[in-house]
Amino acid sequence: MLWTGSATGGQGSAIDRTPDRVDRLSQWLDAVEQHEPGAADDALLRVASWDRMTLWRVWVDAGTIVSLVRDEDLVVVVDPGILSEPALLTDALAGHGLTVGDVTHVFVTHHHLDHTRNVGMFPTARVVDVDSVYDGSLWLDHEGDGHHLTADVSVIETPGHAQECAALVVRTDDGTVVLTHAWWFADMTPVQDPLAWDQDALERSRERILGIADIVVPGHGPAFRPARPTTESSGPGGGGNG
Ligand SMILES: [Zn+2]
Ligand SMILES: [Zn+2]
């Protein structure tokens, strides 16, 4: 896991590096373990009740969520992920009567490899991210926030976890589903994203998502229905066991 240098002989020794993943892991584990119970952090307290080994496993086993969105002729795989075995994905598609060739689009919420490693499994699909469409060898712009794939499927910009984060907004008969990395897990943790590019931007993106989502599909856990936000920015409030 540790950086050991590059076979191409790049000289990186003098680089003033920012904290890497290993640093952030230990910072996160320390922060969770040392967390003093306080108001309005039920979700964090749930994580704090896990032992350090569990937290470590959560960290190293990416366990990313891969989603399928279909609308009209559109077949979108969202975040094709990092998988122990590609058959996990092809079998799941077969369960929906689909092959990799039927997938018209791959949408990536951001560029971290745990969500993008398998993009190459779909060589005929267009890949869509926050501002671009990759079609064969073409790298094309799209209009960014509000870009529609169909009338009911669109892209919104949600910077925070990463700078280039985007969410896919899908209007369904069951309500509006937002596929996003604004949260990792269904309990809306980690509250303080240990990998955040900009936590403040992340909070704004979360607020926006909660304003439209009936169902949220987070980056590393099952879908959940968030509580409807209150109109005013009130305090911790009811303290429900969500
Ligand atoms: Zn990420
Ligand atoms: Zn992730």
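Which strands does helix α6 lie across, and at about what angle does the helix run to β10? Select residues 199-212 to display helix α6, then add β9 (166-172), β10 (175-179) and β11: the helix lies across these three strands and runs at about 155 degrees to β10. Helices here are DSSP runs of H or I with at least four residues, strands are runs of E with at least two, and both are numbered from the N terminus. Axes are lines fitted to C-alpha atoms, for helices over the stretch in contact, and angles between N-to-C directions run from 0 to 180 degrees.

**Before going further**

The model is predicted, so local features are described where pLDDT is at least 70 and side-chain atom pairs count only at pLDDT 80 or more, while totals for chains, interfaces and linings use all residues. Residues are numbered from 1 along each chain as its sequence is written, and chains are lettered from A and ligands numbered from 1 in the order in which they are written.

Colour the model by pLDDT, the predictor's confidence in each residue on a scale from 0 to 100; the average for the protein is 83, and 78% of the residues score at least 70. Residues 1-14 stay under 50, and the model gives this stretch two contacts beyond four places in sequence. Residues 233-242 are also below 50, with four contacts beyond near neighbours in sequence. A contact, here and below, is a pair of residues whose C-beta atoms, placed from the backbone, lie within 7 Å.

In cartoon view, the protein shows six helices and 11 strands. Among contacts between residues at least 6 apart in sequence, 56% join residues at least 24 apart.

**The five-stranded sheet**

Select β7 through β11, which form an open sheet in the order β7-β8-β9-β10-β11 with mixed pairing; two strands count as paired if DSSP finds at least two bridges between them. At the edges are β7 (147-150) and β11 (215-217), each of which pairs on one side only. Neighbouring strands in this sheet are turned against each other by 25 degrees on average, direction ignored.

Now step across the sheet from β7. Three bridges join β7 to the antiparallel strand β8 (residues 153-157), and T150 can be picked out opposite V153 in β8. Next, β8 and β9 pair in the antiparallel sense over five bridges, with V153 standing opposite V170 in β9. The pairing of β9 with β10 is likewise antiparallel and has five bridges; a hairpin joins these two strands through two residues, and R171 stands opposite T176 in β10.

**The core**

Keep β9 selected and show its side chains: five of its seven residues are buried, a residue being buried if 20 or more other C-beta atoms lie within 10 Å of its own, exposed if 12 or fewer, and partly exposed in between, with C-beta atoms placed from the backbone. Over the whole protein of 242 residues, buried residues make up 28%.

The largest nonpolar core (a set of buried Ala, Val, Leu, Ile, Met, Phe, Trp, Tyr and Cys residues joined through C-beta atoms within 7 Å) has 37 residues, and those with the most contacts inside it are A167, L168 and V178. At least two residues come from each of β2 (74-78), β3 (105-107), β8, β9, β10, α6 and β11, and β9 supplies the largest share, five residues. Centre on V178, which, leaving aside neighbours within four places in sequence, is in contact with A167, V169, I209, I212, A213 and V216.

**W183**

Move to the loop between β10 and α6, where W183 lies. W183 counts as buried because it has 25 C-beta neighbours inside 10 Å. Beyond four places in sequence, W183 is in contact with M188, T189, V216 and P218. A distance label between the C-alpha atoms of W183 and H161, which are 22 residues apart along the chain, should read 8.5 Å.

**The six-stranded sheet**

Finally, select β1 through β6, an open sheet in the order β1-β2-β3-β4-β5-β6 with mixed pairing. Its edge strands, β1 (67-71) and β6 (138-141), each pair on one side only, and the twist averages 25 degrees from one strand to the next. Zoom in on β1 and β2, which pair in the antiparallel sense over five bridges: L68 has V77 in β2 as its bridge partner, and D71 has L74. These two strands form a hairpin with two residues between them, and E72 in the turn has a positive phi of about 55 degrees.
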